[in-house]
Amino acid sequence: MVQRDARVQPQSPPGALRRDGSAPPLVQGGSGALAASRPANLTNPHDLANVPSEATVVGENYLIFSLVERELALKAEHIQGVERLADVTPLPHVAPWVVGVINLRSSIASVVNLRAFLGMEVLPENPRTRLLSVRFNEMVICLVVDSVSEMISIPPAAIITDRRRVPIPQRLTPFAEGTALLGKRSVILLDASRLLFSEKMQHYA
């Protein structure tokens, strides 16, 4: 079973990995399949207990997490939960970055190692490893990340979208909407729709 790390209760849309509303249990792609997740009765995506908040200015809320000592973030409205990684069931004939599926609050959800998906070195699981349940429209994918640090409000003035001013690593460019400059910190903001509906995620070989 998955051990819950934070209580998140967003509204429960019909879970699926398709946009057409057909809601199959599995979406085929190449030689593998991604499982659809049908979220349980959850109500508030911003209610992440045990995740510290520094929302002192007006802006959108983001959940900050890390990969390879780099800080990344996704909008809080797309985060269904933060879990400890446990009891993932492997699947045969899937892409190497698909870890498998889990029973997430009585729903089946696909687990993707974000390091592997982005072509980074894959490290063993450790006590800080976390699983982010990310939702956009009707798609839910669980992403394995190195750690989760905080929920923070980022004002528009702190976000730089001109990549000539603040370069973004090439492997992240297709999924990034910009970079937030927070004092001495530089946080790459990922776009949930670009990531979850990317051609690689949907039609992997």
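Over which residues does pLDDT stay under 50, and how many contacts beyond four places in sequence does the model have for them? Residues 6–33, with 89 such contacts. This is a predicted model, and that stretch is where I want to start. There is a second one. Over residues 35–47, pLDDT again stays under 50. For that segment the model has 60 contacts beyond four places in sequence. So much for the two segments. Across the chain, pLDDT averages 78. At least 70 is the score for 71% of the residues.

Now the overall picture. The chain has 205 residues, and 52% of them count as buried. The exposed area is about 10,000 Å². Carbon and sulfur atoms supply 51% of that area. Next, contacts between residues at least 6 apart in sequence. Of these, 64% join residues at least 24 apart. As for secondary structure, count three helices and 14 strands.

On to the sheet. It is open, has six strands, and its pairing is mixed. Read the order with me: S11-S4-S5-S14-S13-S12. Which strands stand at the edges? S11, residues 147–154, and S12, residues 159–160. Each has a single partner strand, so one side of each is left without a neighbour in the sheet.

Let me walk through some of the pairings. A reminder on the vocabulary: strands in a sheet pair through backbone hydrogen bonds, parallel or antiparallel.

Begin with S4, residues 60–67. Seven bridges join S4 to S11, and the two run antiparallel. To find the register, look at Ile-64: its bridge partner in S11 is Glu-150.

Next, S5 and S14. S5 covers residues 70–75, and S14 covers 185–190. These two run parallel, joined by two bridges. Here Ala-73 stands opposite Leu-189 of S14.

S14 also pairs with S13, residues 176–182. That pairing is antiparallel, with six bridges. Ala-176 has Leu-190 in S14 as its bridge partner. S13 and S14 form a hairpin with two residues between the strands. In that hairpin, Gly-183 takes a positive phi near 65 degrees.

Now the aromatics. How many aromatic pairs does the structure hold? Three. One of them is Trp-97 with Phe-117, an edge-to-face pair. The centres are 4.9 Å apart, with 85 degrees between the planes. Trp-97 sits in the loop between S6, 79–84, and S7, 98–103. Phe-117 belongs to helix H1, residues 114–117. The two residues are 20 apart, and the pair links distant parts of the chain. Are these residues buried or exposed? Both Trp-97 and Phe-117 are buried.

Another pair is Phe-136 with Phe-197. The ring centres are 6.1 Å apart and the planes stand at 80 degrees, so this pair is edge-to-face. Phe-136 is in strand S9, residues 130–136. Phe-197 is in the loop between helix H2, 192–196, and helix H3, 199–202. The pair therefore ties together parts that are 61 residues apart in sequence. Phe-197 has 16% relative accessibility, so it counts as buried; the cut-off is under 20%.

Back to Phe-117. Ring pairs link Trp-97, Phe-117 and Phe-175 into a cluster. Phe-117 also has a charge over its ring. The charged end of Lys-200 sits there, 4.7 Å from the ring centre.

To close, three places to look at on the screen. Start with residues 6–33, where pLDDT stays under 50. Then follow the six-stranded open sheet. Finish at Phe-117, under the charged end of Lys-200.

Technical notes
Residues numbered from 1 in each chain as written. Predicted model: local features only at pLDDT ≥ 70, side-chain atom pairs only at ≥ 80, totals over all residues. Heavy atoms only, no water. pLDDT = per-residue confidence, 0-100. Contact = heavy atoms within 4.5 Å. Pairing = 2+ DSSP bridges. Helix = DSSP H or I, 4+ residues; strand = E, 2+ residues; numbered from the N terminus. Buried < 20%, exposed > 50% of the residue type's maximum accessible area, 1.4 Å probe, protein only. Areas by Shrake-Rupley, 256 points an atom, 1.4 Å probe, with all protein chains shown as cover. Phe/Tyr/Trp six-rings, centres within 6.5 Å; stacked < 30°, edge-to-face > 60°. Lys NZ or Arg CZ within 6 Å of the ring centre and 35° of its normal.
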